[in-house]
Amino acid sequence: MSDWRYRLARKIVHLRIYIILFSIGITIFFLNILKDIKVETHLEDFLPQKHPFVKVQNKLTDIFGGLNQVSLALEVKEGDIFNKEFLDKLIYLTEDLYLLEEVNISRINSLASRHIKHIEANEEGFFVSRLLKNLPSNHREMEILKEKIVNNPNIYGKMVSQDFKSILIYLDFESNVKTSYIFATLQELKKKYEDNNTNVYIAGRPILEGWLNFYLPGMFKMLLLSFLIMGFILYLTFRSKRGVILPLLDSSMATIWGTGAMKLLGLRLDPATILVPFIVLSLGVSHSVHTLKRYYDEMSFPNIKSKHAIVNTMSYLFIPGLACVLTDGFGFLSLTFVPLVTIKSMALASGLGILANFFTSFMFTPCVLSFLHKPKILEIEREEKHRWVDYLLEKLSIFSLNKRAGTIVVVFFLLISLISIYSISKIVVGDNQEGSSYLSHSSDYNRSERFINDNFGGTNSYYILVESNDSILKSDKLMFMDNFQIYLSKNVPQIGSSMSIVNAVKGLNMFMFGGKREYFTIPPLDETVSQYWFLYTLSGFPSDYDHLISRDERFANIKFDFKDHKSTTVNLAIEKTKKFFENNSHKDLKFYYGGGDIGIIFAINDIIKRTIVPNIIFISLLIFLYVSFVYRSIVGGIILLLPLFISNLIVFSLFGFTNASITTETLPLASLSEGLGINYGIYIFSRLYDEMRNKRMTYKKILHYTLITSGKAVFFSGFIVSIGIFVWVFSPILLQAKLGSNLFMTLIMNMIVSLIIVPVIVWWIRPKFLFPNLRKRKLIRAGKIK
């Protein structure tokens with residue numbers, strides 16, 4: 001072993017009491033920091049704020065107020081909505097909505113809203129009255145109300161379902177209001193107005209955030225479950241107290257340090273960052289397994305002292321341990337280049353926690369071990385007593401040296417890789433399911449969204465901002481906007497409805513002609529439009545159309561409601577929008593797209609497409625350069641990257657085969673699998689490297705010894721990390737469940753491929769930095785040296 005590593009290890013052991021006290025002190029400090037850490041979700045953290053579409057969304061918010069839309073539907077189980085009890089409930093619910101804090105009053109759209117009007121034309125102009133201010137007192141008034149609704153195309157089918165079984169209320173909140181307030185308040189209103197004959201459905205981004213906040217605290221129970229499962233596996237691995245307590249202790253310390261650093265940096269726990277404790281805990285246990293395994297290997301030699309065994313352990317593990325921690329850490333830290341706040345937060349917190357793992361697993365644990373009594377020979381024998389694992393690894397070592405078997409393995413994995421490349425080409429970026437991908441299909445939120453999408457225009461908004469130098473209320477401008485609405489609605493089947501100032505002016509024209517549907521059109525003359533608008537303001541309120549057009553009439557918005565936000569739907573909407581404005585223009589109008597849910601989702605998908613491949617290349621290059629530097633061999637870097645490349649190809653190909661999509665929750669998968677997956681190859685390769693340099697045995701014996709020592713540690717540590725992460729699949733937050741299952745599968749695949757491919761490739765290539773004597777013998781036989 002290298003003299004400098006040995007001297008460093010001895011120095012650390014000499015300072016062991018100070019290292020232990022320092023570790024305890026830091027842990028107490030961060031525990032104090034964590035006592036008031038917040039657990040909350042802000043969907044803005046999932047948005048790429050510099051993307052043009054998000055900037056359009058922010059501009060829409062500045063002009064028209066908060067666009068944090070909530071859709072609230074009331075359904076009658078028996079009968080229809082035209083009964084006194086239901087309408088009375090609707091009126092009182094609408095009034096309760098006006099009393100909410102930071103609600104955008106102009107955007108409360110309900111049958112009983114103050115700006116939802118019934119319009120009639122007379123000789124003096126328009127007579128404007130609230131559609132539903134007071135409860136109908138008799139059957140005749142109820143029929144009149146029904147007739148008013150049916151005759152208004154801006155209400156029937158949009159706010160009242162065509163079967164008259166349900167009504168829809170839209171409301172928006174200002175951007176500064178807390179999601180927890182919106183969620184809690186609307187859930188209270190749901191309890192208040194839901195009964196045996198009335199169902200209440202609530203959907204929208206603030207509600208989704210609320211459900212995520214509701215489920216997040218439950219993740220701490222899963223962290224405890226993960227802790228207990230890993231403890232059980234550690235007992236099966238080492239069959240000793242120190243083999244269970246020390247890995248859990250040092251990984252818990254690193255977890256506390258990483259989470260505490262996250263709090264110091266002003267970050268909070270959300271659906272992504274709450275996974276940080278799981279990741280750091282699992283990786284810490286994994287590294288500690290290698291430390292303890294090496295310690296027990298050293299202690300198996302007769303007459304060796306515990307302190308000397310610790311020095312040897314630290315000396316041998318310094319390079320591979322540092323390599324693993326750095327590749328893990330940089331694998332996470334590379335995600336800081338992704339312009340999504342929540343991914344940056346997870347990357348930063350995880351990266352810091354993993355770097356802390358080096359200190360706790362490779363310094364703190366050895367220092368504690370140096371104070372413990374020498375393990376009894378029975379304890380060492382119990383640790384080595386995994387006959388079935390030894391048998392499996394022994395057969396694997398024989399298999400790796402068989403040229404024909406090695407050829408079969410290489411050809412097999414090459415074929416699998418080619419098939420995987422074909423499958424990867426079919427991967428879809430973005431959701432390919434209805435509802436929210438963050439929650440399960442059967443969740444309360446997704447059931448609500450499905451009901452609203454089935455009975456109304458949809459819950460997924462898409463906004464276009466319209467700007468003019470002067471008033472938008474000109475016939476030609478309105479007709480151009482109308483043409484766009486008609487074009488997009490015809491070419492995107494998932495659009496359920498659309499709304500803009502065009503609909504309002506069409507309605508005024510229709511009412512001026514006695515409510516005849518054929519007059520639901522834009523008047524051909526600017527003067528007519530101006531007269532309608534003036535006549536309406538005499539009876540109505542100036543704020544009635546604030547949600548559609550600004551007071552100076554220079555800005556307007558066009559809103560489309562979509563039935564889903566699947567990747568195909570989102571891409572089609574943007575494609576058709578872009579195509580329309582490339583082929584059509586108005587000299588006095590500027591159009592900015594796309595705001596709302598559809599535009600935001602497209603922006604996120606766009607970021608994923610642009611970052612996932614460069615991210616994989618970046619971390620792969622980083623790993624290659626580091627490993628090549630450590631072993632002074634480019635071939636060594638290639639040997640370690642090959643199994644990682646193959647396993648990642650296989651894992652990502654499953655996305656194509658199973659029709660799964662790459663979304664925000666799977667975006668970290670590439671970097672995580674690269675950083676974590678390389679660990680297995682590094683530990684096997686490093687042990688092989690050390691044994692080849694320090695022992696004069698045949699390669700067959702060295703490989704066998706490597707696999708039953710470091711190979712066994714790789715097997716158990718890989719199993720521990722994978723199980724610790726697999727616990728995520730039980731999370732009610734589908735984002736975490738998907739990431740957990742995908743990462744579990746990736747790590748298992750990396751472990752298996754590393755155990756099989758690394759020995760085969762080493763024996764095939766026989767790189768000169770591992771087989772210097774073999775190279776020398778070839779040169780002697782060739783007569784080039786004596």
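Good morning. Of the 786 residues in this protein chain, 60% count as buried. Please bear in mind throughout that this is a predicted model. The chain contains 26 helices and 12 strands, and its C-alpha trace spans about 115 × 55 × 45 Å along the principal axes. As for how the chain folds back on itself, consider the contacts between residues at least 6 apart in sequence: 80% of them join residues at least 24 apart.

Let me turn to confidence. The mean pLDDT of the protein chain is 84, and 92% of the residues score at least 70. Where is confidence lowest, and where is it highest? The lowest value belongs to helix 26, residues 772-781, with a mean of 49, while the highest belongs to helix 17, residues 475-491, at 96. Over residues 776-786 the pLDDT stays under 50, and for this stretch the model has four contacts beyond four places in sequence.

I come now to strand 10, which covers residues 555-562 and is mostly covered, with eight of its eight residues buried. In general, side chains in a regular strand alternate between the two faces of the sheet. In strand 10, both faces are covered: on one side lie Phe555, Asn557, Lys559 and Asp561, on the other Ala556, Ile558, Phe560 and Phe562, and all are buried. Lys559 and Asp561 are thus listed on one side, among the buried residues.

Which strands pair with strand 10? Strand 8, residues 460-468, is joined to strand 10 by eight bridges, and the two run antiparallel. Within that pairing, Glu467 stands opposite Phe555. Strand 9, residues 495-499, also runs antiparallel to strand 10, and four bridges join them. There, Ser498 stands opposite Phe560.

The aromatic residues deserve attention next. A search of the whole structure finds 36 aromatic pairs. One of these is formed by Tyr462 and Phe562, in an edge-to-face arrangement with 5.9 Å centre to centre and 80° between the planes. The pair links distant parts of the chain, since Tyr462 lies in strand 8 and Phe562 in strand 10, 100 residues apart. Are these two residues buried or exposed? Tyr462 counts as buried because its relative accessibility is 0%, and Phe562 is likewise buried, with a relative accessible area of 0%. Both residues belong to one aromatic cluster, whose members include Phe53, Phe480, Phe484, Tyr487, Phe560 and Phe602.

Phe602 takes us to helix 21, which comprises residues 596-631. This helix has 36 residues and reaches 52 Å from its first C-alpha to its last, close to the 52 Å expected at 1.5 Å a residue. Where does helix 21 bend? The bend, of about 30°, is at Thr611, and a proline, Pro614, follows within four residues. After helix 21 comes Arg632, which has a positive phi, near 55°.

Finally, I should like to present one residue in strand 2, namely Val103; the strand covers residues 103-109. Val103 is buried because its relative accessible area is 9%, under the 20% cut-off. Beyond its neighbours within four places in sequence, Val103 is in contact with Leu97, Tyr98, Ile108, Leu171, Asp172 and Phe173. Val103 and Arg114 are 11 residues apart in sequence, and their C-alpha atoms are 14 Å apart in space.

That concludes the presentation. Thank you for your attention.

Note on methods. Residues are numbered from 1 along each chain as its sequence is written. Side-chain values use heavy atoms; hydrogens and water are left out. The expected span of a helix is 1.5 Å times one less than its number of residues. The bend at a residue is the angle between axes fitted to the seven residues ending there and the seven starting there. Buried means under 20% relative accessible area, exposed over 50%, partly exposed in between (1.4 Å probe, protein chains only). Two strands pair if DSSP finds at least two bridges between them. pLDDT is the predictor's confidence in each residue, from 0 to 100. Contact means heavy atoms within 4.5 Å. Rings of Phe, Tyr and Trp (its six-membered ring) pair if their centres lie within 6.5 Å; planes under 30 degrees apart count as stacked, over 60 as edge-to-face and the rest as tilted.
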